[in-house]
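Reader: I am new to this structure and would rather understand one part of it well than hear a little about everything. Could you take me closely through a single part, and then set it in its surroundings?

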Amino acid sequence: MSVTSVERGLSAAEVRGRIAAGQINTLPPRSGRSTWDIVRANVFTRINFLLMILFIMVIVTVDFSNILNIRDAMFGFLIVFNSVIGMLQEFKAKKTLDSLAVISEGKPRVRRDGESVEILRDEIVLDDIIEVGPGDQVVVDGEVVEASYLELDESLLTGESDPVDKAVGATLMSGSHVVAGVGAFRATKVGSDSYAAKITAEANKFSLTKSELQSGINVVLRLITWLLIPVGAATVWVQLHQGAETWQEAFRRMTGALVPMVPEGLVLLTSLAFAAGVVRLSQKNVLVQELPAIEGLARVDVVCADKTGTLTENGMKFSELITFADLSDGQCGEVLAQLASSDPRPNASMQAIAAAYSVTTPWQVSALAPFTSAKKWSGASFAEHGDWVLGAPDVLATGTPAGSKAEEIGALGKRVLLLASSSLPVDDDQAPGDVTPVALVVLDQRVRPEAKDTLAYFDSQDVAVKVISGDNAKSVGAVIGKLGIEDREVLDARTLPGDGEEFAQAVETHNVFGRVTPQQKRQMVAALQAKGHSVAMTGDGVNDVLAIKDSDLGVAMGSGAAATRAVAQVVLMDDDFSTLPSVVAEGRRVIGNIERVANFFLTKTLYSIMLALFVALWNMPFPFQTIHITLVGWFTIGIPACILAMAPNKERARPGFLGRVMRFGIPSGLLIAGCVFATYKLLLPAGAGELVLNQAATAALATLLMGGSWVMVTTSRPYQWWKIGLIAFCIGAQIVIYLIPLGQWFFRIDPSNAAFMSTGIILGLISMVLVEIVWWVDGFVSGKRRRVFALHGEQ
């Protein structure tokens, strides 16, 4: 490609030709799932397959001369309900993710017809000339055609954190990002040929993978599957050889045994809770780029917050100029104006200087040194006006009067930069050499008004906040003071041990750090994780990328660098730090409630399997028909689980989800099954007729409803008024159904035998006591303080 074409880029006709040839940067769906993927995942499932077989078995027994007989097959509508509700919620979440992702993603700047324009990533075509600067992500593979001190971080590709110089002709790989300098490259691989396609598919995947919660649920499902196969086979054999009056009756009792073994609502409510969480967060302008991030939100116990752009606003304002040398304010202002003018991608500090000082006649630039977080300064060499640097006073002028003055001003919470002349050209390997302080540039940085309340919230929730900044330690301390955080020692990260246990202990015991390098931020995250913490890292700059990537939960600001947004799991689209508490609360709601729901379904499946096993071993007709199971499913599992899955829950998630669920669900299921079978066995005489069989089944059903209801009662704790109302409604509905003739007819129950019912109720009370004991023992074993009622104002 000629020099002229590099400067002009592609023409409109060339772009159209490449689009027609399919040479466009077609990427996977931003949410990671296509419409067909969602339909397939919600319709063609193992659970739906099992329910469909059982549904067909019941349908063939229905006497359609009375349409009300279809009630035996009501459980089959779960197939439609599960699929439709799951698809609708995921479609809504997909649409939300896609629309927010378009806003969040960095828009590459390309040259077309001689103009530099911003376009979407998927509008890039082969041979486009793409301009890049600090913080920009390389979105397609390419070859460098222009470079001015261009340095890239390729750690996401190679694991090496040191920046890599890129000259003209060098190859760029998508997934890297610019840390210093500017340049342009020609797109050589786009669409599926580019590494960007793989990065997009993995980074923004709408899935539940790599999640302790989902892994635990998968273990539960595998356990249930292995139990269901032999027990289900035994049940089929026993029920078909019971000598029922009709084969239809045998089929109904067989399906009555098999249907409750299928944990039909567990996966649905898990997916719904995650998807609903995504939608609720989107309403607060929060983009969740990976669903496991919801789980991460709930587990976080340490938040590492970058000061600039997180606790303070991005923009700065020039305050004053303090001179030290013979240069006048006007001469210093001219140097500052030239430095700002020569910077092709000025940061917030340089933009504030440019707003205060303007250039009349540009000086000829002979060398540039872009700002990097590692060296803490930038500069320019001018052909006739010398070498100048602008940066951190405690780096460039430590121990000088200028450095001491800067410390005093920084202690007031202002940002201070040192303007100095250097003895070496700024692009020299030993630059800046000896520096001569000329002036201090004082900038005002405004603390976000919402930051104080946000930090107070985290403190009340036992979430530690560690402020990690690359700024001067005293300046950071002053900002923290404005936020009302007292008695916090500010540690200069330059005094930290290199690595190891001493480093980890210093990070554990201190909460405010200044002069932290990007590599140290990464080490701090790793040290906290090694101490057993779940760490969230917030930031907006390219210097935060590595730490955000390594953290358990990366949170980026919407106005931050494109590379930072690309690696973060959560993006605060409106830069509002005060949304973090609601983000954490949403994560806790989702994870805490899924654990509750898992307790419901594991208990239900276990008592169903064990009851079927007991009945098979004693060679008895199964007591329940599918309509009985529908009654149990509605009022002890389905209705309460759906409501509790979406309820507020502020308790921080803890590791060990699978152990806790099994510790409660398995013994509860076994004990309930034992009580139900005991009722049935005690009441059903040998050779009993259909009337006595139904009365014994009705009493056993009462035992099951009481035990299942007490699972709902314990799982709903701590109580609020609405939970008490939910429990009263579900239990009240069961009582009404047992008392009124319509309920007795519809659900095929016969509570007319008082002796049978008394036995069922007594054993039901025993099952309630046993479930209560399991709940308390589980709390003791897990070390969790058990509360029956919520404290005032607690959700």
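Author: Of the 121 residues in the largest nonpolar core (a set of buried Ala, Val, Leu, Ile, Met, Phe, Trp, Tyr and Cys residues joined through side-chain atoms within 4.5 Å), Phe-624 and Leu-701 touch the most other members. The element that gives the most to this core is helix α22, residues 580–617, with 18 residues; helices here are DSSP runs of H or I with at least four residues, strands are runs of E with at least two, and both are numbered from the N terminus. This is a predicted model, in which local features need pLDDT of at least 70 and side-chain atom pairs count only at pLDDT 80 or more, while totals for chains, interfaces and linings use all residues. Residues are numbered from 1 along each chain as its sequence is written, and side-chain values use heavy atoms, with hydrogens and water left out.

Leu-701 is a good place to begin, for once its neighbours within four places in sequence are set aside, it is in contact (heavy atoms within 4.5 Å) with Phe-624, His-628, Leu-631, Val-632, Tyr-738 and Ile-749. Apart from this core lies another one, of 25 residues, which includes Leu-491, Met-537, Ala-556 and Ala-568.

Phe-624 leads on to the aromatic rings, where the structure holds twelve aromatic pairs. The rings of Phe-622 and Phe-624 are one such pair, with centres 5.9 Å apart and planes at 85°, and the pair is therefore edge-to-face. By definition, rings of Phe, Tyr and Trp (its six-membered ring) pair if their centres lie within 6.5 Å, and planes under 30 degrees apart count as stacked, over 60 as edge-to-face and the rest as tilted. Phe-622 and Phe-624 are both buried, a word that stands for under 20% relative accessible area, with exposed meaning over 50% and partly exposed anything in between (1.4 Å probe, protein chains only). Trp-634 and Phe-635 have ring centres 6.1 Å apart and planes at 85°, so this pair, too, is edge-to-face. Trp-634 is partly exposed, at a relative accessible area of 35%, whereas Phe-635, at 8%, is buried. Both belong to a cluster in which ring pairs link Trp-634, Phe-635, Phe-729, Trp-745, Phe-746 and Phe-747.

Rings also take part in another kind of arrangement, in which a charge sits over a ring, meaning that NZ of Lys or CZ of Arg is within 6 Å of the ring centre and within 35 degrees of the ring normal. The charged end of Arg-717 lies over the ring of Trp-775, 4.4 Å from its centre, and that of Lys-375 lies over the ring of Trp-377, 5.2 Å from its centre.

As for the surroundings, the secondary structure of the protein comes to 28 helices and 21 strands, and of its 795 residues, 56% count as buried. Among contacts with a separation of 6 or more, 74% join residues 24 or more positions apart.

One helix can be followed along its length: α19, residues 518–530, has 13 residues and spans 19 Å from its first C-alpha to its last, close to the 18 Å expected at 1.5 Å a residue, the expected span being 1.5 Å times one less than the number of residues. Its buried residues are Pro-518, Gln-520, Lys-521, Arg-522, Met-524, Val-525, Ala-527 and Leu-528, and these pack against β9 (302–305), β16 (464–468), α18 (501–509), β18 (512–514), β19 (535–539) and α20 (545–550). After α19 comes Gly-532, whose phi is positive, near 90°.

Three single residues complete the picture. Thr-454, in helix α16 (residues 451–460), is buried at 2% relative accessibility and, not counting residues up to four places away in sequence, touches Phe-577, Ser-578 and Pro-581. Ser-381, in strand β12 (residues 377–382), is likewise buried at 2% relative accessibility, and although Ser-381 and Leu-424 are 43 residues apart in sequence, their C-alpha atoms are 8.8 Å apart in space. Thr-171, by contrast, lies in strand β6 (residues 171–172) and is exposed, with a relative accessible area of 51%; leaving out residues up to four places away in sequence, Thr-171 touches Gly-142 and Lys-166.
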